[in-house]
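Hello,

Here is the structure I promised to pass on to you. Please open it beside this email, and then read on for what turned up in it.

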Amino acid sequence: AVVSTQSTGERKTFKANSLVEEHSARYTIKCVPIHNRDCDRDRIVKEFLKVDYTQSDLQKNVVYVVDVSPSVRDGADVLIFELLVLRKLSDSYGRVFRPSYGDCIL
């Protein structure tokens, strides 16, 4: 699913979270903000790989809410293509994020 607007402050992240909230027993929600002018792949991959789940969350699939600010100019299209189509994202250090089969990216 894609929740998109051209301006900031229109509660896109809230809308995406509310889409998932009704299934919260099956999913864990993780928001990955991308707010800089350029996509810093190293920081973004680190954010995806950060583990901050409880033991009960490990049994759930994850819904990753990618919050891309309208001010992002370079790299967002490639990043979204790699996440949604190729289902992987790598950084300059060789770390690779691959979502699990049941995970979802919004």
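**What was found**

Leucine 84 is found in helix H3. Please keep in mind that the model is predicted. Leucine 84 makes a good starting point, so let us stay with its surroundings for a moment before turning to the whole chain.

**A nonpolar patch**

Leu84 belongs to a nonpolar patch on the surface, together with Ile80, Phe81, Val85 and Leu86. Taken together, these residues have about 440 Å² of accessible area. Leucine 84 itself counts as partly exposed, at 43% relative accessibility.

Just past this helix comes arginine 87, in the loop between H3 and strand S3 (89–90). Its phi is worth a look: the angle of arginine 87 is near 55 degrees, which is a positive value in a residue other than glycine. As background, most residues other than glycine have a negative phi. Arginine 87 is partly exposed, and its relative accessible area is 29%.

**The overall layout**

Now for the wider view. The protein has 106 residues, and 31% of them count as buried. Its secondary structure consists of 3 helices and 5 strands. Reading from the N terminus, the order of the elements is α-β-α-β-α-β-β-β.

**The sheet**

Which strands form the open sheet, and in what order? There are 3 of them, arranged S1-S2-S5, and their pairing is parallel. S1 and S5 are the edge strands, each of them pairing on one side only. In general, the strands of a sheet pair through backbone hydrogen bonds, either parallel or antiparallel.

On one side, S2 pairs with strand S1 (residues 27–34) in the parallel sense, over 8 bridges. If you would like a place to look, find proline 33, whose bridge partner in S2 is aspartate 67.

On the other side, S2 runs parallel to strand S5 (residues 104–105), and 2 bridges join them. Valine 63 is opposite cysteine 104 in S5, while tyrosine 64 has isoleucine 105 of S5 as its bridge partner.

Why is S2 described as largely enclosed by the rest of the structure? Of its 8 residues, 6 are buried, so the strand is largely enclosed.

**Salt bridges**

How many salt bridges does a search of the whole structure find? The search finds 3. The general idea is that side chains of opposite charge can pair when their charged atoms come close. Here they are in turn:

- Arginine 41 and glutamate 82 meet through their side chains, at 2.6 Å from N to O. Arginine 41 lies in helix H2 (residues 41–49) and glutamate 82 in helix H3, so this pair ties together parts that are 41 residues apart in sequence. Arginine 41 counts as partly exposed at 25% relative accessibility, whereas glutamate 82, at 16%, counts as buried.
- Lysine 50 and glutamate 47 form a salt bridge between their side chains, with 3.6 Å from N to O. Lysine 50 is partly exposed, with 40% relative accessibility, and glutamate 47 is buried, with 17%.
- Aspartate 91 pairs with arginine 95, and the closest N and O atoms of this salt bridge are 2.7 Å apart. Aspartate 91 counts as buried at 10% relative accessibility, but arginine 95 counts as partly exposed at 31%.

**A patch of negative charge**

One more feature of the surface deserves a visit. Which residues gather in a patch of negative charge there? They are Asp38, Asp40, Asp74 and Asp77. One of them, aspartate 74, sits in the loop that runs between strand S2 (61–68) and helix H3 (76–86). Aspartate 74 is partly exposed, and its relative accessible area is 48%.

**A route through the model**

For a quick tour, you could begin at the nonpolar patch that includes Phe81 and Leu84. From there, go to the salt bridge between arginine 41 and glutamate 82, and then on to the parallel sheet in the order S1-S2-S5. The negative patch with Asp74 and Asp77 makes a good last stop.

Enjoy exploring it, and do write back with any questions.

Best wishes

Terms used:
Residues numbered from 1 in each chain as written. Predicted model: local features only at pLDDT ≥ 70, side-chain atom pairs only at ≥ 80, totals over all residues. Heavy atoms only, no water. Patch = residues over 30% accessible without salt bridge, like charges linked within 9 Å, V, L, I, M, F, W, Y side chains within 5 Å. Areas by Shrake-Rupley, 256 points an atom, 1.4 Å probe, with all protein chains shown as cover. Salt bridge = Lys/Arg side-chain N within 4 Å of Asp/Glu carboxyl O. Lys, Arg positive; Asp, Glu negative; His and termini not counted. Charge placed at Lys NZ, Arg CZ, Asp CG, Glu CD. Helix = DSSP H or I, 4+ residues; strand = E, 2+ residues; numbered from the N terminus. Buried < 20%, exposed > 50% of the residue type's maximum accessible area, 1.4 Å probe, protein only. Pairing = 2+ DSSP bridges.
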